[in-house]
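The following paragraphs lead through a few helices and the elements that surround them. Please keep the structure in view while reading.

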Amino acid sequence: MSTLEKPAPRADLPAARFRATSYDVAKRAGVSQSAVSRCFRQGASIAPATKIKIMEAARELGYRPNAIASGLITKRSNMVAVLISTQARLYYPEVLAQLTQTLSAQDMRVLLFDLKTEGDVEAALQQVWRYWVDGAIVAAHLTAAQIRAFDDHHVPIVLYNRSGEGEVVSSVFCDSVAGERVLLDALLSAGHRHFGIITGPNDSYTGRQRVETAKLLINEAGFGPPLVAEGTFDYGSGTRGLHQLMEASGGKLDAVVCANDLMAIGAIDAARLEMGLKVPDDLSIVGFDGAGAASWIGYQVTTIQQPVERMCRAAVAMLMERIEAPETASEVRTFPGKFIPGTSARIA
């Protein structure tokens, strides 16, 4: 066989699968290739009659627009990086679901970076820079240098319930200070005097805010520094924390303030099932976040419910504004939480 001859195709191998392009659709519909691109681009202007012709041609050819190819034209990937810590196992799945739904409504897709702890963020950022993302929503602690790195990579960012560490950066917050004040006012008004606190992890900004506010209010009420047990936002640290507090107090506690609902649930189970205490008759326990499980009939945690839907919608809207117009000034939006008077605490 000559080197110029091509071998005959083998009968046992399938023929190459035809994959239609926008050029093929334009040719079939008798329109320009740019018209096909506009037809499949959300919000683009195109005549109804032209769109009908293009969609019919696309259906006949089995055409589907290539997101990567479209991105090369529009300079957009339609992907948003979401960095979120799994420490708050009850609350953040709700946040993630709401963010995903809200971004999908904007024709954006989530590139999720799941952090075991907020301290894992640096390794996650090294992965983020490898992808072509249009923006990022971060529900984890960032240093000032890490925040500046987003600007260096021209990636707009919105922080979710986190501070900017002195950097000017857009963020959404639930007012943890005001929420914790409502919880403590209710406990103090009901006559509680012997307090314990189960904290969140040291690298949690919201956890620190809640704990420091509780300490301040208890001190201001004249009851001295409360006993403190370190927690990690999980169920186990709630049970362990209550044991530590009761041992340190000689069993004299009458109120425990937990930095989130999951630790409150752990503390409730420990009080009832391991210590034989009645909640709230013998011991009041409060949480924070308003996660779904906190309202279950076996717990009904007295808590502050964060307005997840409103906060997520605000975060996405702020990010989309800065993707479309990178020069848009930074802003901070703060949302009040809702006091949920459950059955886990004796309150006035």
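Contact here means that heavy atoms lie within 4.5 Å. The model is predicted, and the account begins with helix H7, which spans residues 144-152. In that sense of contact, the cover over the buried residues of H7 includes helix H6 (121-128) together with E3 and E4. The buried residues in question are Gln146, Ile147, Ala149 and Phe150. Viewed down the axis of H7, they fall within an arc of 150°, and therefore line one face of the helix. Asp151 and Asp152, on the other side of H7, are exposed. After H7 comes histidine 154, with a positive phi near 60°.

Strands E3 and E4 appear again in the surroundings of helix H12. This helix comprises 17 residues, 308-324, and reaches 24 Å from its first C-alpha to its last, close to the 24 Å expected at 1.5 Å a residue. Its buried residues are Val308, Met311, Cys312, Ala314, Ala315, Val316, Met318, Leu319, Met320, Arg322 and Ile323. The cover over them includes helix H5 (92-105) and the strands E1 (79-85), E3 (135-139), E4 (157-160), E5 (170-174) and E11 (332-335).

A single residue of helix H10 completes the account. Serine 249 is found in H10, which covers residues 235-249. Is serine 249 buried or exposed? Buried means under 20% relative accessible area; serine 249 has 14% relative accessibility and therefore counts as buried. A polar atom of the serine 249 side chain lies 3.2 Å from the backbone oxygen of methionine 246.

Technical notes. Residues are numbered from 1 along each chain as its sequence is written. This is a predicted model: local features need pLDDT of at least 70, side-chain atom pairs count only at pLDDT 80 or more; totals for chains, interfaces and linings use all residues. Side-chain values use heavy atoms; hydrogens and water are left out. Helices (H or I, at least four residues) and strands (E, at least two) are DSSP runs, numbered from the N terminus. The expected span of a helix is 1.5 Å times one less than its number of residues. Buried means under 20% relative accessible area, exposed over 50%, partly exposed in between (1.4 Å probe, protein chains only). A polar contact is a pair of N or O atoms within 3.5 Å; within protein, one must be able to donate a hydrogen and the other to accept it, and residues adjacent in sequence count only if both atoms are side-chain atoms. The arc is that of the directions from the helix axis to the C-beta atoms.
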